[in-house]
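Please work through the exercises below with the sequence and the model at hand, and try each task before reading its solution.

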Amino acid sequence: MKKKKMAQVCAMALTGAMLLAGCGNDAGQASGSGSSQNSQDSQTQEDSQEESSQASDEGGAADGEQVEITFTHWGGDGTYEGVYQPRIEAFMDKYPNIKVEVITVADDYETKIQTQFAGNKLPDVCQVAENGIGFATKGMFLDLSDRIQSNGIDTDALWSHVIDQYTYDGQIFGLPDRGGCTIMYYNKDLFDDAQIPYPDKDWTLDDYFDAIQKLTKDTDGDGVVDQWGTTSTHYQAIWGYMFQANGGNLIKDGQVVVNSPENLELLTKYNDAYQNGYVVSYEELEQANQGGDAYFQQGKLGMNLTGMWCIKGYSEEEGLNFDITTVPKGIQDAGWPMGSALAISAKSDPAKQEAAWTFIQYMTSAEAQAMLGNGIADCPANLETLASDAFVNQQVNGKTLSLDIIGTSMERVTIDGLFRGPYYQEIIDEARNQMKEMLLGRLTPEQCLETMQKNFEEILSRY
């Protein structure tokens, strides 16, 4: 993958975290150990866990018979090469009778895998994320519960509440593979200048809203603010987690509960921060043709709440003195999930299902997850890997960062009812629209929540 400026990389990663991409038709042969990659990038289509979960050397094939399975994921060739290829090659070395054909998908991922499922052509193994339950309600994936139990896999120890995102009607349909949730980046130099102690795991939402005011400045005295406390507009991974931290939800037990006193209290503070100029405005971002991630990179933000995908790029920025920590706490632990899981197609050939199970076990094992976390290629979902000395004590481009907070942040993740039905994307799109209307001054916080409540209920009534 060609090297891009950090602002572009963060923007691409953010898009990948929020939107599932799709595939086309042209195929290309990937270099490496023999895995076949149908690349559709721009033109087309723990020691304990590992020991308990390893399948036979035949990977489910009788008498070592050669088996070929297909695996699809969204992203470009860079995603395949950085996140999947090393682990897939290691898997095929370990299980030489299983060949993995990789289908890398660039856009319209959700639409295309549903079309493939309808046409009985869905790949054996699929990457799934926020809309996973929506697919599961259509019977697209195998129930893995019995396999998990028979292999003694401790889902609590390995993934905590994250496994709930891939559970429908009591059935687990995916094993978490790529992890991540909202974390907080902070500029140490700007905190020093404002004489604010560095944030830590015990920082609260009150600390956060107080600090963003102090960090907002006109540094050159021209009467125009050129340094802000943060960037937090209508991105759900920020306000969504804050709702939960303050005791609220969007959907709970199948009911819309977004219009609550807890959410109004939080949203009023959130809106006030934007209206008072402590948050980079839409106008500012549009004029600069940049996102908030780039503003932090340029030293213009005190804090940036986003995913862990900017760690590597920020660490390459000379002169950017930063660290990371958990997002501020409220009255309860909370965190917004940003990861993905691996699921097996319900229409996979029964002769290939055991090989597919062997594959997703390996990809989520301590061995493979350590490979994923090495150099922060991506964020492992495995909590044991995130807590390991090898992960926590590694340097990133020669910089020592508080990588231990990633595991802590993942442990705090809670799954809103939003993720527990097939309505995720519709609800999120509607919520983001109303949040933006509020921040642009067209709705009050009260009106924003009232509109969300009404429109969410209408969406749920269709399911």
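The exercises that follow concern a predicted model, and each task is followed by a worked solution.

**Exercise 1.** Determine which residues of helix H4 (residues 109-118) are buried, how they are arranged around the helix, and what covers them.

*Solution.* Begin with the list of buried residues, which in helix H4 consists of Tyr109, Glu110, Ile113, Gln116 and Phe117. Next, look down the axis of H4: the buried residues fall within an arc of 130°, and therefore they line one face of the helix. The general background is that an α-helix has 3.6 residues a turn, so residues three or four places apart point the same way. Turning to the face of H4 that points away from its buried side, one finds the exposed residues Thr111, Thr115 and Ala118. The cover over the buried residues of H4 includes strand E2 (67-74), strand E3 (98-105), strand E4 (125-128) and helix H5 (132-136). Finally, follow the chain just past H4, where Asn120 takes a positive phi of about 60°.

**Exercise 2.** Describe how helix H11 (residues 261-275) and helix H20 (residues 424-439) are placed relative to each other, and what kinds of residues form their contact.

*Solution.* In general, two packed helices are described by the angle between their axes and the distance between the axes. Here the axes of H11 and H20 come within 10 Å, and they cross at roughly 50°. Because of this crossing angle, H11 counts as oblique to H20. On the H11 side the contact is made by Leu267, Tyr270, Asn271, Tyr274 and Gln275, which meet Met435, Met438 and Leu439 of H20. Sorted by kind, the residues of this contact comprise six nonpolar and two polar ones, with no charged residue.

**Exercise 3.** Decide whether two loop residues, Thr231 and Ala194, are buried or exposed, and name what each of them touches beyond its sequence neighbours.

*Solution.* Start with Thr231, which sits in the loop between helix H9 (205-215) and helix H10 (236-245). Its relative accessibility is 9%, and the limit for a buried residue is under 20%, so Thr231 counts as buried. Leaving aside neighbours within four places in sequence, Thr231 is in contact with Ile238, Val279, Gly292, Leu301, Met303 and Asn304.

Continue with Ala194, which lies in the loop between helix H8 (188-193) and H9. At 19% relative accessibility, Ala194 also counts as buried, since this value is under 20%. When residues up to four places away in sequence are not counted, Ala194 touches Lys214, Leu215 and Lys217. As for Leu215, its C-alpha atom and that of Ala194 are separated by 6.4 Å, although the two residues are 21 residues apart along the chain.

Notes: Residues are numbered from 1 along each chain as its sequence is written. This is a predicted model: local features need pLDDT of at least 70, side-chain atom pairs count only at pLDDT 80 or more; totals for chains, interfaces and linings use all residues. Side-chain values use heavy atoms; hydrogens and water are left out. Helices (H or I, at least four residues) and strands (E, at least two) are DSSP runs, numbered from the N terminus. Buried means under 20% relative accessible area, exposed over 50%, partly exposed in between (1.4 Å probe, protein chains only). Contact means heavy atoms within 4.5 Å. The arc is that of the directions from the helix axis to the C-beta atoms. Axes are lines fitted to C-alpha atoms, for helices over the stretch in contact, and angles run from 0 to 180 degrees between N-to-C directions. Angles under 35 degrees count as roughly parallel, over 145 as roughly antiparallel, 65 to 115 as roughly perpendicular and the rest as oblique. Ala, Val, Leu, Ile, Met, Phe, Trp, Tyr, Cys and Pro count as nonpolar, Asp, Glu, Lys and Arg as charged, and the others, Gly among them, as polar.
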